[in-house]
Amino acid sequence: MDFRVLNLDFRVFAALVLLAITPALRAADVQVTAGVTQEATAPGQPVQYQIKVTGSRSATPPLRIRVDGLEINYSGQSTQVQMNNFNVTMSVVHSYLVIPQRSGKFTIPPQTVDVDGVKYFANAVTLKASGGGGAAAPGGAAAPPQSSSRQMFAELVVPKQTAYVGEVIPVELRIFVDAHIRWQTEQPPTINGEGFTIQKFPKPQQNTVEKDGRTYNVVTFKTAVTPAKSGKLTLGPAEIACIAQLPAQRRPRGGSLFDDFFNDDALGMFGFGQAQKIDVKTDPVEVEVKSLPSTGQPKSFAGAVGIFSFDVTASPARVKAGDPITVTARISGRGNFDRVGAPQVADEPGWKSYPPSGSFKADDDVGISGAKTFETALIPEEPKTKLPRIEFSYFDPISEKYVTLNADDAAVVVEGGVTPPPRIAQASPPQPAARSAATPTATPAPAPSDIHYIRTDTPRTDQRFEPIYRTRGFWLAQLAPLTALLAFAGVQITLAKRRDLAARRLADLQREKADLMKTLTRRGASDAEFFEAAMKYLRCEHALQTGSEVALIDSDDVTSGLDAGIAGRVREIFAAHSELRYAGVGTGGGSLSAEKRAEILQTLKEVEQHHART
């Protein structure tokens with residue numbers, strides 16, 4: 001067999017297939033449909049809402065969908081290619097995570113999808129949420145055990161398993177507690193996630209759902225995570241500590257009511273056992289994080305990842321050269337607003353710009369969606385008809401490409417600078433008006449001469465008297481004592497402020513020592529918390545004695561002047577604190593014995609007694 005002929009035949013066949021496919025692709029009609037993965041679910045149980053676009057890959061789905069009673073978040077897209085008798089059909093599926101907040105029948109209205117500049121409408125979709133069997137956990141949720149015997153459990157809902165570095169991912173932690181249990185949380189939950197930046201939890205939401213034939217009180221904590229590096233990262237587990245009173249198991253009644261009332265299960269007579277600490281933990285979730293592409297990255301890109309819109313306004317729109325123009329740039333959408341920087345103003349001749357000021361207003365609880373506004377002052381130095389080019393760049397994780405928005409068509413009118421006033425010619429001195437003939441003519445004064453005659457008449461004198469306080473010399477003479485008085489008052493005020501600051505600093509240090517002692521004597525304090533408080537306590541004590549700054553005090557400062565035995569124990573405290581801090585151990589509690597803690601407290605007391613004696 002001639003392999004060259006075979007290879008040539010295969011290439012001819014491939015070319016014929018491509019020629020057949022291309023018209024099919026071009027002739028494909030665009031269709032937009034919507035649906036849910038299941039039409040019935042339970043409150044608090046998520047389902048997938050999908051918008052399928054057939055015949056195009058450049059569709060832009062709605063960024064936010066709002067339906068009363070439903071929480072809807074975009075979770076990503078997938079591409080499907082089907083070939084049937086040389087008819088190729090390409091589809092892009094945009095998925096949303098839908099979580100019912102209450103029971104009822106909900107309708108997601110028709111959604112607008114932009115395909116190559118043409119608007120298409122997806123059909124309306126109905127979803128029913130009612131008590132009873134719950135839906136399966138979504139692909140990004142760490143599903144809890146389905147055993148009905150579980151009275152408390154948690155699940156971590158992550159709507160995306162694939163993301164880009166810098167892309168914000170909404171996350172939910174749901175705590176399910178049997179409605180018959182009395183419980184409360186000790187502190188906010190924690191989510192482990194190396195390589196992720198995790199935002200603080202806002203105030204949680206509470207509702208009631210039915211799952212696996214049991215009624216649960218559900219507390220939902222919302223947050224957002226942002227991957228900071230690429231690779232396969234693990235988010236979770238999420239943990240939360242609770243104090244719960246579980247329903248007591250009643251013992252058989254004894255010989256008398258007296259015996260039943262005073263036994264160890266006294267609280268059980270009222271339906272609940274003793275309070276106990278329960279740690280609730282979820283399973284971890286893996287997320288594949290991709291690096292941002294290096295090709296095609298605009299110069300104005302500063303790390304913004306998401307979907308944004310951009311508009312610019314200028315006020316006033318008509319000025320003269322040299323007058324400032326306030327340019328307001330508003331960036332709105334959904335993404336990592338902490339990396340959204342001010343738009344870049346092109347360095348064009350004839351313009352002078354100043355650093356901008358920015359503010360952010362969130363549209364949700366965790367700051368994923370909202371608007372960031374920047375204001376800057378531009379000063380035109382010559383006549384202009386429009387603003388310089390202003391652009392903002394971001395990476396769109398849906399289309400997987402960089403987008404640059406610009407506002408170089410914002411029109412303004414800059415007229416020429418202020419015209420200097422015309423020069424006025426030196427006017428000739430005014431000529432005296434012609435005197436009337438009836439006006440008597442004043443006798444001109446005699447010209448001065450070297451010889452003056454002796455006057456025999458009484459000369460006229462000026463009898464005006466000016467008070468001394470109106471004279472300039474009087475006030476100049478008062479400057480010296482006034483200056484001395486002001487200087488004395490300034491010195492007194494400065495000394496008073498220093499005394500007040502010193503007293504306030506001493507009070508703050510005493511207050512901080514009292515708070516630290518509460519931590520040192522608190523039950524359940526971890527080793528790291530205990531040694532951190534002991535080290536700060538010694539620093540505060542030394543600052544009270546010497547006036548030094550607390551942050552600059554080290555073990556050598558604290559042990560200066562102490563007895564050798566006390567100084568050695570103080571150095572052990574600083575060394576143990578450094579080991580716990582830098583070695584990354586001791587974050588749990590309970591490994592330090594009560595005797596050792598008592599010994600450290602005694603060391604702190606001996607340091608105080610030494611200072612009191614000296």
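Is Arg174 buried or exposed at 2% relative accessibility? At that value Arg174 counts as buried, where buried means under 20% relative accessible area, exposed over 50% and partly exposed in between (1.4 Å probe, protein chains only).

The views below show a predicted model, in which local features need pLDDT of at least 70 and side-chain atom pairs count only at pLDDT 80 or more, while totals for chains, interfaces and linings use all residues. Residues are numbered from 1 along each chain as its sequence is written, and side-chain values use heavy atoms, with hydrogens and water left out.

**View A. Arg174 and Glu155 form a salt bridge between two strands.** The closest N and O atoms of this salt bridge are 2.8 Å apart, the term standing for a side-chain nitrogen of Lys or Arg within 4 Å of a carboxyl oxygen of Asp or Glu. Arg174 lies in strand E13 (residues 169-178) and Glu155 in strand E11 (residues 152-157), so the pair ties together parts that are 19 residues apart in sequence; strands are DSSP runs (E, at least two residues) and helices likewise (H or I, at least four), numbered from the N terminus. Glu155 is buried, with a relative accessible area of 2%.

**View B. Asp68 pairs with Arg102 in a salt bridge.** Here the closest N and O atoms are 3.5 Å apart. Because Asp68 lies in the loop between strand E4 (59-60) and strand E5 (70-84), and Arg102 in the loop between strand E6 (87-100) and strand E7 (104-108), the pair ties together parts that are 34 residues apart in sequence. Asp68 counts as exposed at 62% relative accessibility, whereas Arg102 is partly exposed, with a relative accessible area of 40%.

**View C. Arg511 and Asp508 meet in a salt bridge within helix H3.** The N to O distance is 2.8 Å, and the two residues, being three residues apart in the helix, are separated by about one helical turn. Arg511 is partly exposed with a relative accessible area of 48%, and Asp508 also counts as partly exposed, at 38%.

**View D. Helix H3 (residues 472-521) passes helix H4 (residues 527-546) in a left-handed crossing.** A crossing is called left-handed if the near helix is turned anticlockwise from the far one by less than a right angle, and right-handed if clockwise. The axes of H3 and H4, which are lines fitted to C-alpha atoms over the stretch in contact, with angles running from 0 to 180 degrees between N-to-C directions, come within 9 Å and cross at roughly 155°. The two helices are therefore roughly antiparallel to each other, a term used for angles over 145 degrees.

Technical notes. Angles under 35 degrees count as roughly parallel, over 145 as roughly antiparallel, 65 to 115 as roughly perpendicular and the rest as oblique.
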